[in-house]
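Thanks for asking me to look this one over. Here are my notes, point by point, to read with the model open beside you.

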Amino acid sequence: MSIAVIGAGSWGTVLSKILADNGHDVVLWARNPEKAALIEQTRINNDYLPDLTLSPSIHVTHDFQWVGTAEVLVFVVPSKGMGTVCSDLSRVTKGKGKILLTCTKGFSRETGKLMSDVLERYFPEAQAIAALSGPNLAKELAQKQPSASVIASKDPKAAKILQDLFLNGYFRPYISDDILGVQLCGALKNCYALVTGMISGLGLGENSQAALITRALAEMTRLGLKLGAHQETFAGLSGIGDLVATCTSPLSRNHTAGTLLAQGKAAKDIEQGTHMVIEGMSTTKTVYALSHRLGVEMPIIDQLYEVLYHHKEITLAAHDLMSRSGKKEWN
């Protein structure tokens, strides 16, 4: 099958590598035409993975005409840019007969919708829409370190096709039909990674980290069940698996951002100081509004929102979390 990966950040580059390692010809689309030309010439994405040399079977381009002919479209652009990219691409293809896979973790800033909803809006004629999410740190996968993930779709045939495209000796995707839950997990874990980064920045230890991750899972599950996701998803690779990886790894951009916040750096300066997108910051705003609209208790998200958007002191936020009245572990 012909495959196009849309987005040449670290994750899009690695997904292209996985597909190329599996013997597929891949088109990798980059937003910046100069960057696309440079990567095509040098075979190296120096901004994100300077140690990875791309296979000759990966064609890097800025031209959507190359993308529009592919049978499988893999979207790996930041959530804030997904709508614009889809709008531009929809002028080339309406998606008829195509399988669309989102690997972007977040919500649309304009509508608050998940990425699969954005794809459905712009490509109503697509054969199927799927989402991939899991504990997948790009740098480790670039080194072919063993990893697993989840591909979710309401179309089991499409999920199986995608699984076969990506499955190899170092990357093992599993199949799920809970596309809602898998996307929620992928978006929410970035928020909690900011908090565990703050814990690290404050010099707190493993007890604090473990407590935060465990209670974060409880919050995620409450929101997911309210929206109709499957409980087992939160106990799987896209749930607790991705939560642990993102919340504990120094390779996580959200964890690193949280550490910098605790050290006194402003959120705006952190975002401007990196070419990578800190998805957890915008996601926190969306999840805060969503949880309050639905009446779902998410005290960690509440305090994170206060820190990010009302400049609350992190130590005071931690105090307020720990000073809440006693609760049952499971309601």
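**Notes on the predicted model**

1. Let me start with the annotated active site. An unreviewed UniProt entry places the feature "active site" at Lys189. Please keep in mind that the model is a predicted one. Lys189 lies in helix H8 and counts as buried, because its relative accessibility is 7% and the cut-off for buried is under 20%. Leaving aside residues up to four places away in sequence, Lys189 touches Lys105, Asp242, Leu243, Thr246 and Cys247.

2. One of those contacts leads to the next annotation. For "binding site", the unreviewed UniProt entry lists Ser10, Trp11, Arg31, Tyr48, Lys105, Ala138, Arg253, Val277 and Glu279. From this set, Lys105 is part of the lining of the largest cavity. Lys105 is also a residue that Lys189 touches.

3. Two more residues from the list are worth a look. Ser10 lies in helix H1, which covers residues 10-21, and with 7% relative accessibility Ser10 counts as buried. Beyond its neighbours up to four places away in sequence, Ser10 touches Tyr48, Leu49, Ala138 and Arg253. Arg253 lies in helix H12, residues 253-262, and counts as partly exposed at 31% relative accessibility. With the same sequence neighbours left out, the contacts of Arg253 are Ser10, Met276, Val277 and Ile278.

4. While you are in helix H1, have a look at Ile18, which lies there too. Is Ile18 buried or exposed? Ile18 counts as buried, because its relative accessibility is 0%. Not counting residues up to four places away in sequence, Ile18 touches Leu141, Phe166, Asn168, Tyr170 and Phe171. Ile18 and Asn45 are 27 residues apart along the chain, and their C-alpha atoms are separated by 15 Å.

5. Back to helix H8, this time for its packing. Two packed helices are described by the angle between their axes and the distance between the axes. The axes of H8 and H14 come within 8 Å and cross at roughly 110°, which means that H8 is roughly perpendicular to H14. On the H8 side, Ala187, Leu188, Asn190, Cys191 and Leu194 take part, meeting Glu279, Gly280, Met281, Thr283, Thr284 and Val287 of H14. Glu279 also appears in the UniProt "binding site" list.

6. Helix H15 comes next. H15 (residues 299-310) has twelve residues and reaches 15 Å from its first C-alpha to its last, close to the expected 16 Å. Which residues of H15 are buried? They are Pro299, Ile300, Ile301, Gln303, Leu304, Tyr305, Val307 and Leu308. An α-helix has 3.6 residues a turn, so residues three or four places apart point the same way. The buried residues of H15 pack against helices H8, H9, H12, H14 and H16.

7. Finally, two backbone details to check. Most residues other than glycine have a negative phi. Arg43 has a positive phi of about 70° although it is not a glycine. Arg43 is found in the loop between helix H2 and strand E3, and it is buried, with a relative accessible area of 15%. His311, just after H15, takes a positive phi of about 60°. His311 is found in the loop between H15 and H16 and is exposed, because its relative accessible area is 70% and the cut-off for exposed is over 50%.

Notes:
Residues numbered from 1 in each chain as written. Predicted model: local features only at pLDDT ≥ 70, side-chain atom pairs only at ≥ 80, totals over all residues. Heavy atoms only, no water. UniProt positions renumbered as here; feature names shortened; annotations may be inferred. 1 Å grid on protein atoms, 1.4 Å probe; cavity = no way out; pocket = protein on both sides within 12 Å on 5 of 7 lines; lining within 4 Å. Helix = DSSP H or I, 4+ residues; strand = E, 2+ residues; numbered from the N terminus. Buried < 20%, exposed > 50% of the residue type's maximum accessible area, 1.4 Å probe, protein only. Contact = heavy atoms within 4.5 Å. Expected span 1.5 Å × (residues − 1). Axes fitted to C-alpha atoms, helices over the stretch in contact; angles between N-to-C directions. Parallel < 35°, antiparallel > 145°, perpendicular 65-115°, else oblique.
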